[in-house]
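Welcome, and please open the structure in your viewer. We will go from stop to stop, selecting a few residues each time and looking at what is there.

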Amino acid sequence: MTTIELPVLQPEPANEHTSTNDGGHAVYVETYGCQMNLNDTEIVQAIMARHGFRLADSVADADVVLLNTCAVRDNAERKIHERLKHLRSWRKRKPEMVVGVLGCMAERLRRSLLGEQDLVDLVVGPDEYRRLPELVERAFAGEQGIAVKLSRVETYDDITPIRTQGISAWISIMRGCDKFCTFCVVPFTRGRERSRPLESIVREAAQLWDDGFREVTLLGQNVNSYRDPNGQGDFADLLAAVAQAVPQMRIRYTTSHPYDMSDKLIETMAAYANICPYIHLPVQSGSDRILQLMNRHYTVAHYLERIEKIRSTIPRCALSTDIIVGFCTETDEDHRKTLELMETVRYDGAYMFKYSPRENTKAWKMGDDVPEEVKAQRLEEVIQLQQQISWEINQTEIGKTFEVLVEGPSKRDPAQWQGRTDTNKVVIFPHLGTDQSYIVGDYVQVRIERATSATLFGTVVPG
Ligand code: 5AD
Ligand code: SF4
């Protein structure tokens, strides 16, 4: 191991990118997992840019490759491991290339990642990104680096993320999670809950509007636990403050926990036209027994009562959820209750997963007794049911006209445009003639003509 003298880094002025090393090394960050990770990547890019690193578009152009990782399920970790092995071949061609693992997998696996021959030089957890430039410099000098301390205060509040795409931006309003659902590794990889000051979030949203963004998503593992550290209120107060500060901006948020989805929050959503009528409300299971084993703190009856309150207060509100099948001890009867709940709520969309045991969680000790084939069968059933429900709901949109925020060319067919309704549905529609064309970030009225379970298709009607 080499030891090198490091310059003492001066504290950086807030909200400013300073580049001390123009034309320096290029860094490429690859992101896995949730929206929180996508926003963390933007924060990492800002930290690196402040320290003179250039941002590369691909591994081929990079001197430093950082994988911002997810540890929530085993298959995510396996995929990242495969990617690291693939990067070994790059390292053979470019021996000076530095490879680092960031995020939840770094926090979970720590030193074991450094132990594997020629795999990684750096392991940096979600609360230690400020140390990245220093650790990368050390890695260039041949030293392996690890920084995985979790913080009770770090929110990266003074760092303006480098946002590189589109008209849609994320703001992380809080970090960590104190819920300790028994299946979930996040409280261990992201640490304790802490919130950013309300005023700085509102300021960032206003700046985003000035910079041309038209949609902002407020992010947290459990946004309902948001509390302004200066006593300026809870999540509903924050949402109202942002809605007032940027009245033309579409405002979304994720993720809510059903236990503390308050009347006040639902009523705040209804009170502002620019807060999108869309809620992601993970239910996980339709069985009270399983919910209790998962430490979710609510019953199916409570959940359905919250859905009722949402629908009576915001009639147009779209809903999505997360579902885990095959949690330990889940019986056919428990599974049937999940399917029943899906039929009762009729979600617009759902993210559905097989239970994946994670070391150190409480559920890990409960065992993983549902056979893989049973999990696969149950997953197939929930997917089929959800597709059918989404398709049926989307058929009822045919003939209606929606205000659509134009996002850009459709990924499948660049000859068409893609946008979204405020209820978060993807809409595809043809270009108009050049004299009537519109640009990314415009609102257009689109009349829906046909629909699949995932997408609406229509044509623009003159506004
Ligand atoms: N296995 C399967 N799914 C999980 N999730 C979290 N932990 C696990 C796990 N161990 C799912 C939950 C959560 C979403 C983000 O990921 O449904 O809401
Ligand atoms: Fe994990 Fe539960 Fe926290 Fe969500 S609320 S991050 S599922 S512990």
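Start by selecting Lys400 in this predicted model. Lys400 has a relative accessible area of 38%, so it counts as partly exposed. Now add Glu397 to the selection: these two residues form a salt bridge, with their closest N and O atoms 3.1 Å apart. Is Glu397 buried or exposed? Its relative accessible area is 9%, so Glu397 is buried.

Next, select Asp74, Glu77, Arg78, Arg108, Arg358 and Glu359 together. Salt bridges that share partners link these six into one network. Keep Arg108 in mind, as it comes back later in the tour.

**More charged pairs**

A search of the whole structure finds 43 salt bridges, and two further ones are worth a visit. Select Glu82 and Lys85, whose side chains meet in a salt bridge at 3.6 Å, N to O. Both belong to helix α2 (residues 74–93), and because they are three residues apart there, about one helical turn separates them. Glu82 is partly exposed, at 49% relative accessibility. Lys85 is partly exposed as well, at 37%.

Then move to Asp368 and Lys375. The closest N and O atoms of this salt bridge are 2.9 Å apart. Which side of the pair is buried? Buried means under 20% relative accessible area. Lys375 is at 3% relative accessibility, so Lys375 counts as buried, while Asp368, with 39%, is partly exposed.

**Around Thr189**

Now select helix α6, residues 186–189, and pick out Thr189 within it. Thr189 has 1% relative accessibility and therefore counts as buried. To see what surrounds it, show Cys104, Glu107, Arg108, Pro126 and Leu150: Thr189 touches each of these, leaving aside residues up to four places away in sequence. Here is Arg108 again, which also takes part in the salt-bridge network you selected earlier.

**Ligand 2**

Select ligand 2 and show the residues around it. The shell consists of Cys177, Lys179, Phe180, Cys181, Phe183, Cys184, Val186, Pro187, Gln221, His257 and Arg296. Try colouring them by class: seven are nonpolar, two polar and two charged. Val186 in this shell falls in the residue range of helix α6, 186–189.

**A cavity inside**

How many cavities of 30 Å³ or more does a search of the whole structure find? There is one, and its volume is about 60 Å³. To find its centre, select Asn39, Ile43, Thr155, Ser172 and Arg196, the closest to it among the 13 residues of the lining. Next, highlight α1 (35–50) and β7 (168–172), each of which supplies at least two lining residues. The largest share, three residues, comes from β7. By class, the lining has six nonpolar, three polar and four charged residues.

**Last stop: Lys309**

Finish with helix α11, residues 300–313, and select Lys309 in it. Is Lys309 buried or exposed? At 19% relative accessibility, Lys309 counts as buried, because the cut-off for that class is under 20%. Show Asp263, Ile266 and Glu267 too, since Lys309 touches them, again not counting residues up to four places away in sequence. Then draw a C-alpha to C-alpha line from Lys309 to Phe140: the line spans 56 Å, and the two residues are 169 places apart in sequence.

How values were computed:
Residues are numbered from 1 along each chain as its sequence is written. Chains are lettered from A and ligands numbered from 1 in the order in which they are written. This is a predicted model: local features need pLDDT of at least 70, side-chain atom pairs count only at pLDDT 80 or more; totals for chains, interfaces and linings use all residues. Side-chain values use heavy atoms; hydrogens and water are left out. On a 1 Å grid over the protein atoms alone, a cavity is a set of points where a 1.4 Å probe fits but cannot get out, and a pocket is an open set with protein on both sides within 12 Å along at least five of seven lines; lining residues have an atom within 4 Å of a point. Grid points are joined across faces, edges and corners, and a volume is the space filled by probe spheres set on the points. Helices (H or I, at least four residues) and strands (E, at least two) are DSSP runs, numbered from the N terminus. Ala, Val, Leu, Ile, Met, Phe, Trp, Tyr, Cys and Pro count as nonpolar, Asp, Glu, Lys and Arg as charged, and the others, Gly among them, as polar. A residue is near a molecule or strand if one of its heavy atoms lies within 4 Å of it. Buried means under 20% relative accessible area, exposed over 50%, partly exposed in between (1.4 Å probe, protein chains only). Contact means heavy atoms within 4.5 Å. A salt bridge is a side-chain nitrogen of Lys or Arg within 4 Å of a carboxyl oxygen of Asp or Glu.
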